[in-house]
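Biologist: Hello! Could you walk me through this model with a few questions and answers?

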Amino acid sequence: MRIDLHTHSFASDGTDSPSEVVRAADAAGLDVVALTDHDSMVGLEDAAETAGALGINFVPGVEVSCTHRGVSIHVLAYWPDPSHPDIVSMLERTRAARIDRAKEMVRLIGLDYSLTWEDVLEYAGNADTVGRPHIADALVARGAFANRDDAFAVVLAGNSDYFVPHYAPDVLDAVRTLRSTGAVPVFAHPGADGRGQVVPTSAIEAMARAGLVGLEVEHRDHSEVQRGRLARIAERLDLVHTGASDYHGTGKLNQLGENVTSPAAFEALQALRG
Ligand code: AMP
Ligand code: FE
Ligand code: FE
Ligand code: ZN
C-alpha cells in the first residue's frame, strides 16, 4: 500500500487540474491519494469523481494557512466538512486576505520589475486561492526569472523587501475548529524553516492539546536530523506519524509518492474521522 496524503492542484498553486492529480497518482502506482489545496476545497468533487472511476482510494483534504505568534504554519485537514459554516468562513477570510496581499506584493515588485496585477491573474486563472507561486509564474513569463525557485530566491522569499504577510487564523483556533467539526488535523512540514524560524516544541504541544492528530514527519523539506526530532515528538505526544510528497505538478520538484504514510498510520487517521 502506497499512501500520499499531501498534493496540490491548480485550485491553489499546483499546475495539474484536480482530476489530473488523481490520474497522476494512479499512474505513479499509489493506492491512496489526498488532495490538499491551500485554503480551498473546490477541487475535491472532481478529484473524488476521477478517483471513483479509476478505483483509487481518495481522501478529501485542505491545507489551512494559520499563524502562531507571527510565524506561518500550515495544517492539513483530512475529511473536512465542506459545508460547515465555521470551516467555509475561515477559508473564505484567508482567501480574501491573500488577494489583497498579492496585489500589494505585485505593487511593490512592480516598482522594480515589469509586472502588473493583470499578468498575475493570467497565471492564477484556475486558482481559487492566490499565492506567491502565481506571482512567480508571471515573473517567469516576463523573463525576469528562469523558474519559480529563482523568483522565490530573489523577490518572493519571506525575508525579501517585497514580502507582505496575509491574515490567517491562529493555529490553535483553527485546530479546534477543524477537530470539533470532525476533520483530522495534521501539522504540515513542521520542521520546514522557510522564514528562518522552526516552530518550537512547545507550540506542537499546545496544538496537540487543541486537538492536533498528526505530524507530517517525512517531507522533502526536513533533514534526517529534523525527521528524528519530529518522530520522537510524535511518539511522546501520541501523534500519528505521517509522510507525503507535497506534490505541486511542475511547480516544484516534489514527485508523487516520494514520501509516504504507513498503512497503520493511515488507519489511525481514519479511526479519528468525525
Ligand atoms: P504563499 O502561500 O503565497 O505564502 O506562498 C507559499 C507557497 O509557495 C508554498 O505553498 C509553496 O508551495 C510555494 N513555494 C515556496 N517556495 C517555493 C519555491 N522555492 N519554488 C516554488 N514554490 C515555492
Ligand atoms: Fe504550495
Ligand atoms: Fe504547506
Ligand atoms: Zn502543501
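Modeller: Gladly! Domain bounds here come from an automatic or database domain assignment. This is a predicted model, where local features need pLDDT of at least 70, side-chain atom pairs count only at pLDDT 80 or more, and totals for chains, interfaces and linings use all residues. Residues are numbered from 1 along each chain as its sequence is written, and ligands are numbered from 1 in the order in which they are written.

Biologist: Which residue ranges make up domain 1 and domain 2?

Modeller: The assignment splits the chain into two domains, and domain 1 comes in two segments. Domain 2 covers 102-156, and domain 1 covers 3-91 + 167-271.

Biologist: How much area do domain 1 and domain 2 bury between them?

Modeller: Contact (heavy atoms within 4.5 Å) links 10 residues of domain 1 with seven of domain 2. Buried area is the accessible area (1.4 Å probe) that two parts lose on being put together, summed over both. Carbon and sulfur atoms carry 49% of it, and the value is about 720 Å².

Biologist: Which residues are the protein donors of the iron ion (ligand 3)?

Modeller: Donors are N, O and S atoms within 2.8 Å of the metal (3.2 Å for Na, K and Ca); water is not among the atoms, so sites may look incomplete. Along the chain, the donors follow the spacing E-x10-H-x114-H. Lying 2.0 to 2.3 Å from the ion, they are Glu63 (OE), His74 (ND1) and His189 (NE2).

Biologist: Is Glu63 buried or exposed?

Modeller: Buried means under 20% relative accessible area, exposed over 50%, partly exposed in between (1.4 Å probe, protein chains only). With a relative accessible area of 0%, Glu63 is buried.

Key:
Side-chain values use heavy atoms; hydrogens and water are left out.
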